[in-house]
Amino acid sequence: MRLRTFVLMCVGALVLDTALAPEIEILGARPDFLVLAIVYGGLGLGIRIPVIAGFVMGLMVDSELPEYLGLNALALSITAFLSASLLDRLVKSQVLVQCSVIFGATLLRDIIFYGVYYRGSLDIFGHFVIRYSLIGAGYTVALGLLINIIARFANWRAITGAVRR
Amino acid sequence: MLSPLTRLLRGNRDLTTLVICVLLSAIALALPPAAKVVISTIAATPILRPLKRLATAADGLTRLRGENERLRKLAMELVEERAALISQGHENERLRELTHFMVGFAAEERFDLLPATVIGMPGGRIIEGIEINAGEASGVQAGMPVVVPDGLVGKISSSVRGRSLVEPLTSASSAVAVTIERSRVRGIVRPRYGGASELLDWQMDYVPARSDIRAHDRVITSGLGGVYPAGLVVGDVSSVHEGPLTMTVHIDIAVNLSTIEQVFVLKGLAAPSPERDAMMQALLKELALEAAPSDTTEGVPSGGPEGAPSTELEGGAP
């Protein structure tokens, strides 16, 4: 994946996360387009670039809620680092691997975010994670799967993780 | 204590990037609220504003789509409402005509009119019968005439509790004793059928040769025979053919049987009632005021107060 493509992907993810995600929520849970972007970045651009992208995107999202400026940046950069590191050690092209990483990454981002946000109230944190994060992670995986299927048909190696022979 | 960490970071650029990002995030989180607002504004202004604009546009599109859907539904409802209002308007017009017809008779000739609605028209190309929603329970009996403001429809052929069957003028067995309004020449009007049971027109039989009948003469019931009261409009003379002994007179009937919806059953002469007469006169005056001056007599049958031959009325009762 080229850097320019990844940057465009991140911009697209930010727009979708702001405009589309609230419209397509199911049972209050939304798909996480930012996590999808950084996971796909990790497929083709190593670890560093997705981490920086996660930090920048997180900071932009945080600017909407200045009180917690840096929280999304923290959650997304850690998520990007761990998911990219994991993908680096696994067979990236396997759909199951990708789905598992997307699920874990979405859940991790929420755990970090809600963990800091509700640091004084463990019960609310648990409620949010169970009530919204699990469904949101499943939703994001479903979306990732759809993108993967489309990418396979269109032969986008950057998304499918297939290696050029 | 720092040296192992430094050594770890020096050998791992990815981890170094993460640590820097985490540190920066932590610093951002630890900043005083005022500084956070400033940084947010700086970060948001150049980068997020165009994205926000895009998001707002997308949101606007979604809202517009919803509004469009809502308006479309509203338009459908309005169309339905309009159709219902038009239908009610037509019904109102018909009822007005019927009311005019009811109050149009002179007090001494006023019939006991029973309004009824057409609920069926058995028969194929030719209307063999008209089913109405008034029956024995309303006092309808076989032989009673059925009319609309335009003229005669036929007579009741059979009646059960809640409905009756009308034998219309199109029926092969229909025969109406009539007279020419202008010259008082009498005859019998019957439908005339062609080879393939096709209704051709109506013919006035038993008219002596050289009778005073012209095209466009109005044909009304004569009252002879005791079935139909005198003065009900049947139709107009369409053409006249002289024969050696009799005349062949073709008639166009006044009522379009295929479009009627409401009819009146003439149950006989109404019992005198000064209160009802006063009420009807008031209603007639009201109707006359509502209509244009030239339209005040519209819908009043020739058997009514507008110069009808009431002298030939044979009791009125079927």
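**Briefing: helix H1(A), the largest pocket and two cores**

The buried residues of H1(A) (under 20% relative accessible area, 1.4 Å probe, protein chains only) are Phe6(A), Cys10(A), Ala13(A), Leu14(A), Val15(A) and Ala19(A). This is a predicted model, in which local features need pLDDT of at least 70 and side-chain atom pairs count only at pLDDT 80 or more. Residues are numbered from 1 along each chain as its sequence is written, and chains are lettered from A in the order in which they are written.

**Helix H1(A)**
- Helices here are DSSP runs (H or I, at least four residues).
- H1(A) has 18 residues, which should span 26 Å at 1.5 Å a residue (times one less than the number of residues); the end C-alpha atoms are 24 Å apart, which agrees.

**The largest pocket**
- The largest pocket has a volume of about 880 Å³.
- Its lining (residues with an atom within 4 Å of a pocket grid point) comprises 32 residues, and Asp17(A), Arg30(A), Val61(A), Asn72(A) and Arg109(A) lie nearest the centre.
- H5(A) gives the largest share of this lining, six residues.

**Nonpolar cores**
- A nonpolar core is a set of buried Ala, Val, Leu, Ile, Met, Phe, Trp, Tyr and Cys residues joined through side-chain atoms within 4.5 Å.
- The largest has 44 residues, and Ile260(B) is among those with the most contacts inside it.
- Beyond its neighbours within four places in sequence, Ile260(B) is in contact (heavy atoms within 4.5 Å) with Val118(B), Met121(B), Ile130(B), Val148(B), Val153(B) and Val255(B).
- Another core, of 40 residues, lies apart from the largest one and includes Val35(A) and Leu143(A).

How values were computed. Heavy atoms only, no water. 1 Å grid on protein atoms, 1.4 Å probe; cavity = no way out; pocket = protein on both sides within 12 Å on 5 of 7 lines; lining within 4 Å. Points joined across faces, edges and corners; volume = space filled by probe spheres on them. Helix = DSSP H or I, 4+ residues; strand = E, 2+ residues; numbered from the N terminus. Buried < 20%, exposed > 50% of the residue type's maximum accessible area, 1.4 Å probe, protein only.
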